[in-house]
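Me: Here's a model I'd like to walk through with you. Can we take the strands and then the cores?

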Amino acid sequence: MFMRIDHIGIACRDLEEKIELFSRTFELTVVAREVNEEQGVKEAMLHIADGEGGGSYIQLLEPLSEDSPVGKFLARRGEGVHHVAFGVPDVADAMRKVQEKGVRLLDERPRHGSMGSEIAFIHPKDVGGMLTELVQAATPSQNAKNVHM
């Protein structure tokens, strides 16, 4: 079902500060920036590497408000790993397969994700306490239309 680790989502209080830290320390390059009103975050995707199944990234997430999911996460746990995202060839099919195994989803259907992707989240209580995201990457033409630097 999984093709790769698509990204690791990291909650932070200051997006620009963390971009500078990850760029300087790990020599990562920002490939996309977005504001996702639906999820209540400003984000940056930093490219790690490309593989057979696609790219891998670090996703830095700054909440737009304290009452957003990432804002609440920061208040409870502080900065750090927020979620792990796995690349899948078809997010709707992956959702169906997960549900068939008795695992709950937080989403009823795929929704818009970073860089034009389609995403869905798995309930953390059903997978060892880690918020887990399924990601179907956008096609190159979709990605070109949706990426904002």
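Me: Which residue stands opposite Ala85 in strand 8?

Reply: Quick ground rules: this is a predicted model, where local features need pLDDT of at least 70, side-chain atom pairs count only at pLDDT 80 or more, and totals for chains, interfaces and linings use all residues. Residues are numbered from 1 along each chain as its sequence is written, and side-chain values use heavy atoms, with hydrogens and water left out. Strands (E, at least two residues) and helices (H or I, at least four) are DSSP runs numbered from the N terminus, and two strands pair if DSSP finds at least two bridges between them. Strand 5 (residues 80-87) and strand 8 (residues 132-136) pair in the parallel sense over four bridges, and the residue opposite Ala85 is Glu133.

Me: What are the edge strands of the open sheet?

Reply: The eight strands run in the order 2-3-4-1-5-8-7-6, with mixed pairing. Two of them pair on one side only: strand 2 (29-36) and strand 6 (111-112).

Me: Which helix gives the most to the largest nonpolar core?

Reply: A nonpolar core is a set of buried Ala, Val, Leu, Ile, Met, Phe, Trp, Tyr and Cys residues joined through side-chain atoms within 4.5 Å; buried means under 20% relative accessible area (1.4 Å probe, protein chains only). The largest one has eleven residues, including Ile10, Phe22 and Leu60. Strand 3 (41-51), strand 4 (54-63) and helix 1 (15-26) each supply at least two. The top contributor, with three residues, is helix 1.

Me: How many residues does the second, separate core have?

Reply: Val88, Met95, Leu105 and Ala120 are among its members. The count is ten.

Note on methods: Buried means under 20% relative accessible area, exposed over 50%, partly exposed in between (1.4 Å probe, protein chains only).
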